[in-house]
Each structure stands twice: as C-alpha cells, then as structure tokens.
Amino acid sequence: MKISVDIDGVLADSVGHLLANDPHWSDVTVDKLRRYDYIHKGIGIGQALVSKQYDRNFVLTTPLYEGALGMMRAIKATGVDFQYVTARPKQAISSTYDWISRCGLPSGSPVGVIFDEGARWPRTPGDILIDDWWKSCEHWAAPAKAICVSRPWNDRVAIESNRLFHRRLDQVADAVRDFLVPRNEPHDHLGVFADERYLSIG
C-alpha cells in the first residue's frame, strides 16, 4: 500500500502566495480562479506558477494550507508508505526538499518526492492519490483510490455534478483511514462516486 500526496494545491498554498506577492496578480483573488487555466492579462495561472517554481525563495516561503501539517501527521501515523508527488521542474528538487523540512512535514518513505515534471496528471503508481485537480483524480488508474481536495478551481465541477465538497483537510485523513479500514456506518461526510474510487473532500 502506498499513498501519493500532491504538493501544490493540497499542501502548499502556491496560488495564494503568487497572488499576494506578484504585482501582475495583485488585483486577482483566489475566489476568482474558477478554472485551473485561468488567464489574467495574457498570462495563465498555471504558466505563472511553473515559472515561480524556479525561484528558490518563492518555494521556501510558500505557506502551508491550514490543516496540511495535521493531515500529513495523521497519514504518517497510519504506518502506510507515502510519497509526495509534484509536476514541479527538476530545478526545484533541492528547494522542495528544504521546504518540506522547513514546514515540519514528515519525510516520505521509502521515496521522498516524485518529480513528474510538466505532467498534466500524476503518472506515478500508487494505491491512493490525494490531489486538488479533479482531472488528476479521474485519470488515476483503477483499482487505485483518489481523493480530490476542493479548491475554488474545482467548485464549478462540484456544482455541476452535485459532488460533496468540504473545506477541511482533516477529512482527507479520515478518508484515508476509511480506505485502510472500512467502516460499517454511513459516510455522511464523504462524496462517493459511482466507480467507488473517487472521493471529493476539502
């Protein structure tokens, strides 16, 4: 059993960090980002984030989302192997490991971070994926499980499909534990999809 945890959008508030510190994005709020390919004054948010990952200072000063540290500690406590996955460029390897250490996040085992540079969705094999991009979750190969953390860029999908979304990362750890040791009682806090492998939680 192995758990793969996406970094940007799940643990690292890279979007909020960009909007707060880059003058080009100063008049954009997170709530406006209803699409992951949002374009502002000719520049896409995805393109801007990728370019910032080459900036060591940007990476090291990116804040954690509230609840991210507790979620990872809870996952670590399950005793199951886990790894961080990211589409960051290889040039961000050193700064990413330093960021993980600086934030007090537990080290992945047996591999720390898988750098899937430029990937539209994770290609790294695993049993459970935790990601903030619903398309990544839908491309995660069955019979593996996927947990999608809700963010503003997923809200439109949630509304159109009546999927259950919440706003606390502690529910992700609950879902992981449920995968490992299924409960008999109803999951009134989970959105369980028809193929029984894709949960949307945030």
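A salt bridge here is a side-chain nitrogen of Lys or Arg within 4 Å of a carboxyl oxygen of Asp or Glu. In this predicted model, the side chains of D27 and K41 satisfy that rule, with N and O 3.9 Å apart. The count by this rule is five salt bridges. The protein contains eight helices and eight strands, and 51% of its 202 residues count as buried.

**Overall architecture**

- Among contacts with a separation of 6 or more, 65% join residues 24 or more positions apart.
- The accessible surface of the protein amounts to about 9,800 Å², and carbon and sulfur atoms hold 52% of that area.
- Six of the eight residues of helix 1 are buried, so the rest of the structure largely encloses this helix. The buried residues of helix 1 are S14, V15, G16, H17, L18 and L19.

**The salt bridge between D27 and K41**

- D27 belongs to the loop between helix 1 and strand 2 (39-40), and K41 to the loop between strand 2 and strand 3 (43-44), so their salt bridge ties together parts 14 residues apart in sequence.
- D27 counts as partly exposed because its relative accessibility is 41%.
- K41 counts as exposed because its relative accessibility is 61%.
- The backbone of K41 has a phi near 50°, which is a positive value in a residue other than glycine. Most residues other than glycine have a negative phi.

**The salt bridge between R88 and D8**

- The side chains of R88 and D8 form a salt bridge with an N to O distance of 2.8 Å.
- R88 is placed in the loop between strand 4 (81-86) and helix 5 (93-103), and D8 in the loop between strand 1 (2-6) and helix 1 (14-21), so this pair ties together parts that are 80 residues apart in sequence.
- Both partners, R88 and D8, are buried.

**The salt bridge within helix 8**

- In the pair formed by R177 and D174, the closest N and O atoms are 2.4 Å apart.
- Both residues lie in helix 8 (residues 170-180), where three residues, about one turn of the helix, separate them. An α-helix has 3.6 residues a turn, so residues three or four places apart point the same way.
- R177 counts as partly exposed because its relative accessibility is 35%.
- D174 has a relative accessible area of 19% and is therefore buried, the cut-off being under 20%.

**A buried acidic residue without a salt bridge**

- D6 is found in strand 1. What is the nearest side chain of opposite charge to D6, and how far away is it? The residue in question is R88, at 7.8 Å, and D6 is buried yet has no salt bridge.
- Leaving aside neighbours within four places in sequence, D6 is in contact with L11, V85, T86, I130, D131 and D132.

**The loop between helix 1 and strand 2**

- V28 is found in the loop between helix 1 and strand 2. With a relative accessible area of 5%, V28 is buried.
- V28 and H40 are twelve residues apart in sequence, and their C-alpha atoms are 8.3 Å apart in space.
- Not counting neighbours within four places in sequence, V28 contacts L19, L33, Y38 and H40. Of these partners, L19 is among the buried residues of helix 1.

**The nonpolar core**

- The largest nonpolar core has 52 residues, and those with the most contacts inside it are V5, L11, M71, Y84, W99 and I130.
- Helix 4 (residues 68-77) gives the most to this core, contributing five residues.
- Beyond residues up to four places away in sequence, M71 touches V5, V10, L11, L169, V172 and A173.
- L11 and I130, both listed among the residues with the most contacts inside the core, are also contacts of D6.

**Cysteines**

- How many disulfides does the rule give? The count is zero. A disulfide is a covalent bond between the sulfur atoms of two cysteines.
- C103 is buried, with a relative accessible area of 18%.
- C148 is likewise buried, with a relative accessible area of 0%.

Definitions and conventions. Residues numbered from 1 in each chain as written. Predicted model: local features only at pLDDT ≥ 70, side-chain atom pairs only at ≥ 80, totals over all residues. Heavy atoms only, no water. Helix = DSSP H or I, 4+ residues; strand = E, 2+ residues; numbered from the N terminus. Buried < 20%, exposed > 50% of the residue type's maximum accessible area, 1.4 Å probe, protein only. Contact = heavy atoms within 4.5 Å. Areas by Shrake-Rupley, 256 points an atom, 1.4 Å probe, with all protein chains shown as cover. Disulfide = S-S within 2.5 Å. Lys, Arg positive; Asp, Glu negative; His and termini not counted. Core = buried A, V, L, I, M, F, W, Y, C linked by side-chain atoms within 4.5 Å.
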